[in-house]
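Trainee: I should like to learn how to read the features of a structural model, one at a time. May we begin with empty space and then turn to rings and sheets?

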Amino acid sequence: MHLRSLALAACCTLMTTATTLQITAQDAKPLASPAATAEASLNGKQLTIKYNSPRLKGRTIGTTIVPYGQVWRTGANPATTFITATNLKIGTLDVPAGTYTLYTLPSASQWLLIVNKQTGQWGTEYSEAQDLGRTPMTSKTLPASQENMSISFEHTKGATTELHVKWATTDEYVTVKAQ
């Protein structure tokens with residue numbers, strides 16, 4: 001009799017757990033700013049950027065989103081993580097192999113890429129004292145508006161690539177070279 005009660009209790013527990021998991025899976029909504037990754041290999045060494053990709057949703061860069069003159073987390077949710085397995089020259093900045101957080105300082109005339117030594121924080125927790133450094137980015141206008149913010153490595157060849165941040169009609173990029 002005791003074994004029958006234990007078996008019944010175990011079955012009820014399993015059924016409740018399965019039902020709860022099924023309801024949770026059905027109710028789960030996709031993230032408004034889903035996780036994304038950009039990767040490249042320079043001379044056989046891996047570069048990885050992990051970020052969350054926000055949506056434009058009718059907002060305007062420089063005013064209602066990514067205000068000019070304010071440090072931006074360059075993505076959404078957690079801080080954007082940059083991992084390099086090799087020493088780099090990003091624009092004018094020397095970056096030793098390691099893990100960093102990427103921010104940008106947007107303006108109407110020129111954006112700056114910020115490589116920050118603090119890692120693992122929420123995206124809005126920025127400490128300028130932790131900056132490894134800043135480097136100017138080059139600006140291009142995209143031919144059509146891009147709803148989803150993206151970070152990508154483009155024109156990768158040997159020891160060189162370009163790191164691009166694209167959103168709306170903005171394409172900000174900087175050259176990255178393995179040292």
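Trainee: How many cavities of 30 Å³ or more does the structure hold?

Mentor: Rolling a probe the size of a water molecule over the atoms shows where empty space is left. Please bear in mind that this is a predicted model. The structure holds 1 cavity of 30 Å³ or more, and the volume of the largest cavity is about 30 Å³.

Trainee: Which residues line the largest cavity?

Mentor: The lining consists of Ile61, Trp72, Trp111, Val165, Lys166, Trp167 and Thr170. Strand E12 supplies the largest share of that lining, with 4 residues. Tryptophans recur when one turns to the aromatic rings, where Trp72, Trp111 and Trp167 form one aromatic cluster.

Trainee: How many aromatic pairs are there, and how does one read their geometry?

Mentor: One considers the distance between ring centres, which must lie within 6.5 Å, and then the angle between planes, where over 60 degrees counts as edge-to-face. The count comes to 3 aromatic pairs. In one of them, the ring centres of tryptophan 72 and tryptophan 111 are 6.2 Å apart and the planes stand at 90 degrees, so this pair is edge-to-face. Tryptophan 72 belongs to the loop between strand E4 (65-67) and strand E5 (80-84), and tryptophan 111 to the loop between strand E8 (98-105) and strand E9 (112-116), so the pair ties together parts 39 residues apart in sequence. Both tryptophan 72 and tryptophan 111 are buried.

Trainee: What is the geometry of the pair of tyrosine 103 and tyrosine 126?

Mentor: Their ring centres lie 4.7 Å apart with planes at 65 degrees, so this pair is also edge-to-face. Distant parts of the chain are linked here: tyrosine 103 is in strand E8, while tyrosine 126 is in the loop between E9 and strand E10 (131-136), 23 residues apart.

Trainee: Is tyrosine 103 buried or exposed?

Mentor: With a relative accessibility of 1%, tyrosine 103 counts as buried. Tyrosine 126, at 23%, counts as partly exposed. A further ring to inspect is that of tyrosine 173, since lysine 140 lies over its face at 5.3 Å from the ring centre.

Trainee: Turning to the sheets, what is the order of the 6 strands in the open sheet?

Mentor: Strands of a sheet pair through backbone hydrogen bonds, either parallel or antiparallel. Here the order is E1-E2-E5-E8-E9-E10, with antiparallel pairing. Strand E1 (35-42) and E10 stand at the edges with a single partner strand each, so one side of each is left without a neighbour in the sheet. Neighbouring strands of this sheet are turned by 25 degrees against each other on average, direction ignored. Within the sheet, strand E2 (residues 45-52) and E5 pair over 4 bridges, and lysine 50 has threonine 81 in E5 as its bridge partner.

Trainee: What is the order of the open sheet of 4 strands?

Mentor: That order is E7-E6-E12-E11, again antiparallel. Strand E7 (93-95) and strand E11 (138-157) form the edges, each pairing on one side only. Strand E6 (residues 88-90) is joined to strand E12 (residues 160-178) by 3 bridges, with leucine 88 opposite alanine 178.

Trainee: How many bridges join E11 to E12?

Mentor: There are 11 bridges between E11 and E12, which run antiparallel. Lysine 157 stands opposite threonine 160 in E12. The two strands form a hairpin with 2 residues between them, and glycine 158 in the turn has a positive phi of about 60 degrees.

Note on methods: Residues are numbered from 1 along each chain as its sequence is written. This is a predicted model: local features need pLDDT of at least 70, side-chain atom pairs count only at pLDDT 80 or more; totals for chains, interfaces and linings use all residues. Side-chain values use heavy atoms; hydrogens and water are left out. Two strands pair if DSSP finds at least two bridges between them. Rings of Phe, Tyr and Trp (its six-membered ring) pair if their centres lie within 6.5 Å; planes under 30 degrees apart count as stacked, over 60 as edge-to-face and the rest as tilted. Buried means under 20% relative accessible area, exposed over 50%, partly exposed in between (1.4 Å probe, protein chains only). A charge sits over a ring if NZ of Lys or CZ of Arg is within 6 Å of the ring centre and within 35 degrees of the ring normal. Axes are lines fitted to C-alpha atoms, for helices over the stretch in contact, and angles run from 0 to 180 degrees between N-to-C directions. On a 1 Å grid over the protein atoms alone, a cavity is a set of points where a 1.4 Å probe fits but cannot get out, and a pocket is an open set with protein on both sides within 12 Å along at least five of seven lines; lining residues have an atom within 4 Å of a point. Grid points are joined across faces, edges and corners, and a volume is the space filled by probe spheres set on the points.
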